[in-house]
Amino acid sequence: MILPSHYLLLSALLFAVGILTITARRHPMVVLLGIELMLQAASLACVALASWFQDWGGEIAVLAVMVLAAVQLAIGLVAAVACGNQQADRESHP
Amino acid sequence: MIVAAPFALLAAVALIGAGGILMCRHTARCGLFFLVCCLALAGLYGLLNMHYIAVVQSVTSVCVAGLFLTLCTSEHVARARIPSVLWCAAIALVFLTLTAQALLRGTLGESVLRAPPIWAVPGEHISTLGRELLERYTILLALLALLLLAGILSAAYMLRRASRAGTKGRKE
């Protein structure tokens with residue numbers, strides 16, 4: 001029998017890996033993935049609790065988090081690529 | 001036991017994907033590990049009977065990983081390696097979709113081909129969710145739509161500006 005505590009434990013583990021990714025890696029794109037991983041971990045906790053309490057609010061909160069995560073990643077990735085291009089230009093034309 | 005085995009499998013896949021993001025030094029492969037982790041989480045949502053969220057999670061993660069890989073491959077990976085990265089992504093997608101199909105059925109031993117497709121979300125679930133969104137969470141829905149629109153427009157603007165700056169730099 002799988003209880004919500006199992007899902008919450010998995011969520012905590014994923015969140016911890018996300019924090020480790022942010023602190024250990026320096027590449028901006030990988031840092032963005034770490035942030036995304038933390039958001040996914042929060043979503044998993046929300047879904048597990050929403051399923052346990054039979055509440056629609058958790059599912060809607062997860063939808064909101066997904067939209068936020070997609071927007072954050074889209075803008076972040078474009079910003080990271082733009083910064084990389086500018087840095088490459090500066091290195092080629094000092 | 002029947003419920004515990006799929007949970008353990010999907011949780012292990014999610015943790016392996018998360019560990020891959022942390023450990024892998026290649027940026028594009030980090031994106032593939034992220035895709036694996038997200039699809040495993042989608043399977044877990046399916047196990048919790050949150051079918052709609054599972055489908056949205058699958059579609060979103062594939063799109064996000066596609067965007068990530070496109071930006072990574074155009075910047076850092078040599079042209080010869082692009083097909084291999086895309087093939088890896090396609091294989092991971094097919095494998096995990098089939099696994100999720102099998103697991104959503106509830107038993108691991110049943111034939112994958114006989115299992116219902118992952119997108120077969122119960123109609124009542126979606127209609128109830130839609131009613132809740134339109135009746136109780138209207139302002140949240142409008143704000144999310146505005147945020148999504150603003151995000152798409154600003155990302156397109158930034159990309160256009162960056163590509164213009166790159167063209168100018170090449171001309172100079």
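The exercises below concern a predicted model with chains A and B.

**Exercise 1. Describe the secondary structure of chain B and the order of its elements.**

Solution. Start with the count: chain B has 6 helices and 0 strands. Next, read the elements from the N terminus, which gives α-α-α-α-α-α. Then turn to burial: of the 172 residues in chain B, 28% are buried. Last, take the contacts in chain B with a separation of 6 or more; 56% of them join residues 24 or more positions apart.

**Exercise 2. Determine where confidence in chain B is highest and where it is lowest.**

Solution. Begin with the whole chain: the mean pLDDT of chain B is 72, and 60% of the residues score at least 70. Now go to the elements. Helix α1 (residues 4-23) of chain B has the highest confidence, at 90, whereas helix α4 (residues 82-104) of chain B has the lowest, at a mean of 56. Then inspect two stretches with pLDDT below 50. Residues 77-81 of chain B fall below 50 and have 4 contacts in the model beyond near neighbours in sequence. Residues 106-120 of chain B are also below 50, with 24 contacts in the model beyond near neighbours in sequence. For the model scores, ipTM is 0.87 and pTM is 0.75.

**Exercise 3. Classify the packing of helices α1 and α2 of chain A by angle, and give the hand of the crossing.**

Solution. Two packed helices are described by the angle between their axes and the distance between the axes. Identify the pair: α1 covers residues 4-24 of chain A, and α2 covers residues 28-53 of chain A. Their axes are 8 Å apart and the packing angle is about 170°. The cut-off for roughly antiparallel is over 145 degrees, so α1(A) is roughly antiparallel to α2(A). The crossing of α1(A) and α2(A) is left-handed. Sorted by class, the contact of α1(A) with α2(A) comprises 21 nonpolar, 5 polar and no charged residues.

**Exercise 4. Work out which elements of chain B supply the side that touches chain A, and the classes of the residues there.**

Solution. Count both sides: chain A contributes 43 residues to the contact and chain B contributes 47 residues. On the side of chain B, two or more residues come from each of α1, α2 (27-47), α3 (51-75), α5 (123-135) and α6 (138-171). Among these, α6(B) gives the most, with 13 residues. Finally, sort the side of chain B that touches chain A by class: 37 residues are nonpolar, 8 are polar and 2 are charged.

Definitions and conventions: Residues are numbered from 1 along each chain as its sequence is written. Chains are lettered from A and ligands numbered from 1 in the order in which they are written. This is a predicted model: local features need pLDDT of at least 70, side-chain atom pairs count only at pLDDT 80 or more; totals for chains, interfaces and linings use all residues. Axes are lines fitted to C-alpha atoms, for helices over the stretch in contact, and angles run from 0 to 180 degrees between N-to-C directions. Helices (H or I, at least four residues) and strands (E, at least two) are DSSP runs, numbered from the N terminus. Angles under 35 degrees count as roughly parallel, over 145 as roughly antiparallel, 65 to 115 as roughly perpendicular and the rest as oblique. A crossing is left-handed if the near helix is turned anticlockwise from the far one by less than a right angle, and right-handed if clockwise. Ala, Val, Leu, Ile, Met, Phe, Trp, Tyr, Cys and Pro count as nonpolar, Asp, Glu, Lys and Arg as charged, and the others, Gly among them, as polar. pLDDT is the predictor's confidence in each residue, from 0 to 100. Two residues are in contact if their C-beta atoms, placed from the backbone, lie within 7 Å. A residue is buried if 20 or more other C-beta atoms lie within 10 Å of its own, exposed if 12 or fewer, and partly exposed in between; C-beta atoms are placed from the backbone.
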